[in-house]
Amino acid sequence: MNGENAAMPYIYIHSDEGSETTSIAGRYVIEKESEIQTEFGAALVAFGFAVVDTSCCGSGGCRFAQVAGIIVERNAGTTEDGKPYSILERVRDESQQRRIRNIIDVSECHCQINFL
Amino acid sequence: MIGITSYGAYIPWNRLQRQSIFQAMGWYSPFTYGIAKGEKAVSNHDEDSLSMAVNAGANCVSGLDRGKIGGLFLASTTLPYDERMNASIAATALDLKSQVSAADITGGLKAGTTAMISALDALQAGRMNQALVLAADSRLGKPGGAYEHMFGDAAAAVLFGTENVIAEFKGSFSLSYDFADQRRASGEKFNRNWEERWIRDAGISKILPEAIMGAATKHGVNPANISKICIALPADMSGMGKKMMLTPEKFQESMVNTVGDCGAALSVLMLAAALEDAKPGDQIVVVGFGSGADVLLFQATEEITKLPARRAVKACLANRKELTSYEKYKVFSGIEDIETGIRGEAPAASALSVLWKDRRAIMAYVGTRCKECKTPQFPPQRICANPACNAKDKMEPYSFADKKGKLFTFTADMLAFTFDPPAIYGLVDMDGGGRLWMDFTDVEVKDMKVNMPVELSFRRKYVDKGRGISGYSWKAVPAGKEAN
């Protein structure tokens, strides 16, 4: 994922669904990516499981939703190493975030929702 | 018929030999050698009167319909909050309905018997059909004093009702005197007392007979017919028997050498112990002493033989671990402050707004179970976590606090702050489904075994000193026996 300016579209590199990413404190798996239809466009949301089990100060785990952004162009291309990417706009407007949260709340099991 | 329908107890796992107190402090107070006998029950670092009371209550109402309980009376002189109803916290932790009348009964050692009389009054007035009484205390004696030896920590609970009564309430008698044998001013940590001889001669030997004979006269009880008398004082009271035509075996043992003087809880704890051995027809007298006296009269019914085994005094006494370190006792009880390091000093993330919103999950460990696929899940969900189901808004409340489970895996963490390192936490597979991340307590690492049976215990999870908040929830402990 690239891009720093919230108002500008950015390149979102799609995750390998089902592959595990490890870090010093735990690991996570992106289970699936979904499109959520809203009045202000289709939001791309990644759902996954995270486990913190090798941390020095606690442990935990959850199923999470990561709202990548509103789709500007789906499957816009592939990276040099062959990974597909899309062009998205981050969701910064709080009313839009609330709307997406409400949709996810009644459609997917989760413990937390994060906005990129 | 109004009376007792169930009972329970809770005694902390840790027991401190009084000789270890004497070994540490005898240089200063050699006179305590005479009382340095037996052991006393002491709270773990994550226990207080409120947490113990909830566990006693959970043992009392185990297997019963909590939805019928209309009142909760919590007796103690050592509750964590002066303002914020501790009984309401207990009611939330026990997942009682919100239409419950909850009250703290405090201020004196006869609070336990006063709470029972208040509950019975409410039943007699028809205000409720069931009332739960919880009593707990965790008092501190100053190092070097006799109270440090005598005081112990414990809790007990009695459920009163109108159906399936195991001991019928026959009446009560109360005396109120400003007899200041013991006192603790607001904000003080330790108890003070007046001269022991004066307490014995002017107080106990006069007020107790007046109360007991007053109750016998008022309710037409022949003292010779009493089967068990529970006098809530940390001493062998059988010497009083001759005056009242009571033989020594009729005096319920006060557990002074196994539990210690557990204050407002002692009367209820002794009643629970008497009920464990009671037979139909037995007359049981309970006497609370402190700022006067209360006397309650009960008679066991045939129903007492039908009450399923429950965790009360015998099982709690059997579940023990010797706390060999006097210094540990001082740290666990808060007598001594220790260097907690940066991790221990980190501000606790208290959010009372979140606690209010998620109170059933945090305080009562109530999650959800999918009505479609019956998968239990925690924290509560709207969408079923079972990938093969994913049913939407088909959930029903599901309590984990009253379930047992098996240890799936665990770790022991020497870096995370705890008053009793290492911090032990892991995954528990609950009977009936659900896998929970749990903190563990009342266990040593060497005794942690994969697949060991575990259960949940209500504990103080943290103290947020900056905001004056004690945070509570449930931890996992090795499963104990229901009854001995």
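I looked up B:Phe298 and the residues that touch it, leaving out those up to four places away in sequence. In this predicted model, B:Phe298 touches B:Ile4, B:Leu120, B:Phe160, B:Ala167, B:Glu168, B:Phe169, B:Lys170, B:Leu271, B:Asp282, B:Gln283, B:Ile284 and B:Val286; contact means heavy atoms within 4.5 Å.

I then turned to the nonpolar cores. A nonpolar core is a set of buried Ala, Val, Leu, Ile, Met, Phe, Trp, Tyr and Cys residues joined through side-chain atoms within 4.5 Å. Buried means under 20% relative accessible area, exposed over 50%, and partly exposed in between (1.4 Å probe, protein chains only). The largest core has 55 residues, and B:Phe160 and B:Phe298 have the most contacts inside it. Helix α7 (residues 266-277) of chain B supplies the largest share of this core, nine residues. I note that helices (H or I, at least four residues) and strands (E, at least two) are DSSP runs, numbered from the N terminus. A second, separate core has 51 residues, including B:Val61, B:Ile69, B:Leu72 and B:Tyr81. In soluble globular proteins, nonpolar side chains tend to be buried together.

I next examined the salt bridges, each defined as a side-chain nitrogen of Lys or Arg within 4 Å of a carboxyl oxygen of Asp or Glu. I find a count of 33 over all chains by this rule.

In chain A, I recorded the salt bridge of A:Arg63 with A:Glu108, whose closest N and O atoms are 3.0 Å apart. A:Arg63 lies in strand β5 (residues 60-78) and A:Glu108 in the loop between α1 (94-105) and β7 (112-115), so the pair ties together parts that are 45 residues apart in sequence. A:Arg63 is buried, at a relative accessible area of 9%, and A:Glu108 is buried at 13%.

In chain B, I recorded a salt bridge between the side chains of B:Arg311 and B:Glu455 (2.6 Å, N to O). B:Arg311 sits in the loop between β13 (292-300) and α8 (313-318), and B:Glu455 in strand β21 (residues 453-464), 144 residues apart. Both B:Arg311 and B:Glu455 are buried.

I also noted the salt bridge of B:Glu396 with B:Arg369 (3.1 Å, N to O). This pair links strand β17 (residues 395-399) to strand β15 (residues 366-370), 27 residues apart. B:Arg369 is partly exposed, with a relative accessible area of 27%.

Last, I found B:Asp46, B:Glu47, B:Asp442, B:Arg459 and B:Lys475 linked in a network of salt bridges.

Residues are numbered from 1 along each chain as its sequence is written, and chains are lettered from A and ligands numbered from 1 in the order in which they are written. Local features need pLDDT of at least 70, side-chain atom pairs count only at pLDDT 80 or more, and totals for chains, interfaces and linings use all residues, while side-chain values use heavy atoms, with hydrogens and water left out.
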